[in-house]
Amino acid sequence: MSKPILEVNGVAAGYVKGLNILQGIDLVVAEGETVSIIGPNGAGKSTLLKAVMGLIQTSAGRYFLNGIEKTSLSTYKIVEEGVGYVPQEANIFPSLTIQENLEIGGWILKRNTAAALVNIYEKFPLLYERKRDRAGNLSGGQRQLLALARALMTSPNILLLDEPSAGLSPVAINDVFKTIKEINESGVSILLVEQNAKRALKFSDRGYVLDQGRNAYHGTGQELLNDSRVVDLYLGKL
């Protein structure tokens, strides 16, 4: 495995004090990897991403970014450390233009926003063509591409993606996964929570199966796809 970018050690977290959804999760994402997190509803997949981003309080465990402990950082500090995040819901501002959404994504850049916009528009020509349009006028797949582009405005080292294919048409799903693959090939590590477990594992270098807030299984994507326990307990249900 290459050098770890993100390490999660024994993290416990939840939305209500004293009631943890995550029960001591361990996870590693290395440079250049795509790592998927699968598991049944309520397993803690999205909660884990929110905990890493500092959006919910952790009660135990530690986080490391590039080998340096960053536990309990504020969300904006985590973004400054090179972590991008695309939530499943409310991941764009529909009343704002496409360019305004991107500018908000680059808020930590201050005066360097213009240069970042040029780079993003080169990667996403559709967004450039419609940069003055309201984001709410985009299709579901186009909105997801805008959410990805906005997260890339800060040139993150790792992207945390929560259910990027949720609610999209098959054609839009293909476009989104193609874009995620291109992002990864450009050198950005990916941590992916995805409802389509089989597709996620085929797409990923490695995967983790969560169940009831704990690590159930982990391995390469192919190992998990071929593991009869994972197939019987999870893949048939997801």
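**Reading the labels in a predicted model**

Analyst: Across the whole structure there are 8 salt bridges. The model is predicted, so local features need pLDDT of at least 70 and side-chain atom pairs count only at pLDDT 80 or more, while totals for chains, interfaces and linings use all residues. Residues are numbered from 1 along each chain as its sequence is written, and side-chain values use heavy atoms, with hydrogens and water left out.

User: Why is the pair Arg62 and Glu69 called a salt bridge?

Analyst: The term requires a side-chain nitrogen of Lys or Arg within 4 Å of a carboxyl oxygen of Asp or Glu. The closest N and O atoms of Arg62 and Glu69 are 3.5 Å apart, so the pair meets that limit. Side chains of opposite charge can pair when their charged atoms come close.

User: What makes Arg62 and Glu69 buried or exposed?

Analyst: Relative accessible area decides this, with a 1.4 Å probe and protein chains only: under 20% is buried, over 50% is exposed, and values in between are partly exposed. Arg62 has 43% and is therefore partly exposed, and Glu69, with 38%, is partly exposed as well.

User: How do you know that Glu81 and Lys70 form a salt bridge, and where in the chain do they lie?

Analyst: For Glu81 and Lys70 the closest N and O atoms are 3.2 Å apart, which satisfies the salt-bridge limit. This pair links distant parts of the chain, 11 residues apart, with Glu81 in the loop between helix 2 (75–80) and strand 6 (83–86) and Lys70 in the loop between strand 5 (68–69) and helix 2. The names of these elements come from DSSP runs numbered from the N terminus, where helices are H or I with at least four residues and strands are E with at least two. Glu81 itself has a relative accessibility of 33%, so Glu81 counts as partly exposed.

User: What class does each residue of the Arg229 and Asp227 salt bridge fall into, buried or exposed?

Analyst: The side chains of Arg229 and Asp227 meet at 2.8 Å, N to O. Arg229 has a relative accessible area of 46% and is therefore partly exposed, whereas Asp227, at 16%, is buried.

User: How are helix 6 and helix 7 oriented, and why?

Analyst: The axes of helix 6 (residues 140–152) and helix 7 (residues 170–185) come within 9 Å and cross at roughly 15 degrees. That angle makes helix 6 roughly parallel to helix 7, because angles under 35 degrees count as roughly parallel, over 145 as roughly antiparallel, 65 to 115 as roughly perpendicular and the rest as oblique. The axes are lines fitted to C-alpha atoms over the stretch in contact, and angles run from 0 to 180 degrees between N-to-C directions.

User: Which residues make the contact of helix 6 with helix 7?

Analyst: Helix 6 contributes Gly141, Gln144, Leu145, Leu148 and Leu152, and helix 7 contributes Ala172, Asp175, Val176, Thr179, Ile180 and Ile183, where contact means heavy atoms within 4.5 Å.

User: What makes helix 3 and helix 4 oblique to each other?

Analyst: Helix 3 (residues 98–105) and helix 4 pack at about 120 degrees, with axes 10 Å apart. An angle of that value belongs to none of the other three classes, and helix 3 and helix 4 are therefore oblique to each other. On the side of helix 3 the residues are Gln99, Leu102 and Glu103, which meet Thr113, Leu117, Ile120 and Tyr121 in helix 4.

User: Why is Thr113 called buried or exposed?

Analyst: Thr113 lies in helix 4 (residues 113–123), and its relative accessibility is 14%, so Thr113 counts as buried. Not counting residues up to four places away in sequence, Thr113 touches Glu103, Gly106 and Met153.

User: Which class does Phe177 belong to, buried or exposed, and what does Phe177 contact?

Analyst: Phe177 is found in helix 7, and at 3% relative accessibility Phe177 counts as buried. Leaving aside neighbours within four places in sequence, Phe177 is in contact with Ser165, Leu192, Glu194, Arg199 and Phe203.

User: Where are Ala90 and Glu163, and are they buried or exposed?

Analyst: Ala90 is in the loop between strand 6 and helix 3, has a positive phi of about 50 degrees although it is not a glycine, and at 75% relative accessible area is exposed. Glu163 lies in the loop between strand 7 (158–162) and helix 7; its phi is also positive, near 50 degrees, but Glu163 is buried at 11%.
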